[in-house]
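User: Hi! I'm new to reading protein structures and would like to know how the labels are justified. Could you walk me through some of them?

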Amino acid sequence: MKKILITGASGLVGYEIAKTLMMNPEYEIFVTMRSHRNEKWKNVIQIDLQNVNIETIKIHFDCIVHCAAVIPNNFYDDKQVSIINRRIDDNIINYCLKNGCKLIYISTAAVYGYDDKVLLTEGMELRLNTYYKAEKRSSEIKIKDNCSSYCALRISSPYGARQKNMTVLKKFVDAIYFGEDIYYWGTGERTQNFIDVRDIAQAVLKCIECKENGVFNIASRYSISMKNLADLIIKLGRNIFNTTSGVYAKNEIDPQENVRVNIDINLAEKVIGWKPQIELDEGISYWMKVMKEGM
């Protein structure tokens with residue numbers, strides 16, 4: 001039985017990956033959380049990976065799915081985030097190097113530039129204009145140059161029913177939930193690529209058994225404009241919440257007006273045999289139904 005460790009299992013992506021992998025009887029799953037403990041799960045390890053060496057766990061893992069990270073927010077600025085993530089990543093990477101452990105590293109599609117209509121492929125030149133992005137790329141390189149068995153997954157805008165971070169998608173869904181109108185910035189033509197966390201979990205499953213190494217884009221097939229996203233959420237919200245909310249232009253400039261996201265996922269399909277299965281309307285509907293059940 002393979003022993004698999006999932007770091008950052010209290011987060012949106014890590015939680016879904018852990019939940020999915022636990023359904024496989026061939027895996028013994030361990031999860032790390034910095035503070036919160038989920039008593040419904042076995043093998044929960046409370047550890048601060050920034051300050052405590054993973055070697056102290058004294059378990060030989062066959063594979064680590066490394067999701068633990070912090071992102072720039074009101075508590076941590078961009079440079080602080082990069083320093084913290086460097087410590088966490090080095091902790092995990094060094095363990096894998098020492099113990100011959102397979103590493104599946106959750107990276108980000110944010111390492112690309114989004115200011116034009118160029119097809120974003122894994123081999124293209126990156127735009128590392130923040131400390132956060134530069135640190136993610138630095139870890140990808142360290143893994144590629146040193147690990148004998150690895151996959152690095154560049155995730156694009158994950159979403160799911162447990163989402164807490166205030167992304168544009170969550171703001172729109174929350175507005176419908178509370179019966180409020182949705183406002184989009186600028187012309188509403190900015191696009192974004194959203195991927196359901198359940199599809200990300202399936203990509204990780206593929207990577208665990210895959211013998212090939214590589215960096216792979218994990219995204220949905222299509223991007224969507226902010227106006228079309230708002231219209232879609234209104235349509236779904238009327239069916240699920242019986243909302244009378246509407247969509248309106250905020251009449252404020254969108255600082256990302258020219259962003260167009262076009263991500264190529266062909267490499268993941270070709271090498272690890274993965275492709276997304278959950279369409280955006282299906283994923284958002286599921287999210288809304290979970291919210292309704294909790295009302």
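User: What makes Lys227 and Asp231 a salt bridge?

Analyst: Happy to help, and please keep in mind that this is a predicted model. The closest N and O atoms of Lys227 and Asp231 are 3.2 Å apart. The cut-off is within 4 Å between a side-chain nitrogen of Lys or Arg and a carboxyl oxygen of Asp or Glu, so the pair qualifies. Both residues belong to helix α6 (residues 226–240), where they sit four residues apart, about one turn of the helix.

User: Why is Lys227 called partly exposed?

Analyst: Its relative accessibility is 29%. Buried would need a value under 20% and exposed one over 50%, so Lys227 falls in between. Asp231, with a relative accessible area of 33%, is partly exposed by the same reasoning.

User: Which residues are joined into one network by salt bridges that share partners?

Analyst: Those are Arg86, Asp90, Glu135 and Lys142. Within this group, Asp90 pairs with Lys142, and their closest N and O atoms are 3.0 Å apart. That is within 4 Å, so this pair counts as a salt bridge. Asp90 lies in helix α2 (residues 78–99) and Lys142 in helix α3 (residues 131–146), so the bridge ties together parts that are 52 residues apart in sequence.

User: How do you know that Glu209 and Lys2 form a salt bridge?

Analyst: Again, look at the closest N and O atoms: they are 3.4 Å apart, and the limit of 4 Å is therefore met. Glu209 is in helix α5 (residues 197–209) and Lys2 in strand β1 (residues 2–7), so this pair links parts that are 207 residues apart in sequence. Glu209 has 44% relative accessibility and counts as partly exposed, as does Lys2 with a relative accessible area of 30%. In total, the structure holds 14 salt bridges.

User: Why are β3 and β11 said to stand at the edges of the sheet?

Analyst: Seven strands form an open sheet in the order β3-β2-β1-β4-β5-β6-β11, with parallel pairing. β3 (44–46) and β11 (214–218) each have a single partner strand, so one side of each is left without a neighbour in the sheet. From one strand to the next, the twist averages 20°.

User: What makes β5 and β6 a pair?

Analyst: Strand β5 (residues 102–108) and strand β6 (residues 150–155) are joined in the parallel sense over six bridges. At least two are needed, so they count as paired. Ile104 stands opposite Cys151 in β6.

Definitions and conventions. Residues numbered from 1 in each chain as written. Predicted model: local features only at pLDDT ≥ 70, side-chain atom pairs only at ≥ 80, totals over all residues. Heavy atoms only, no water. Buried < 20%, exposed > 50% of the residue type's maximum accessible area, 1.4 Å probe, protein only. Axes fitted to C-alpha atoms, helices over the stretch in contact; angles between N-to-C directions.
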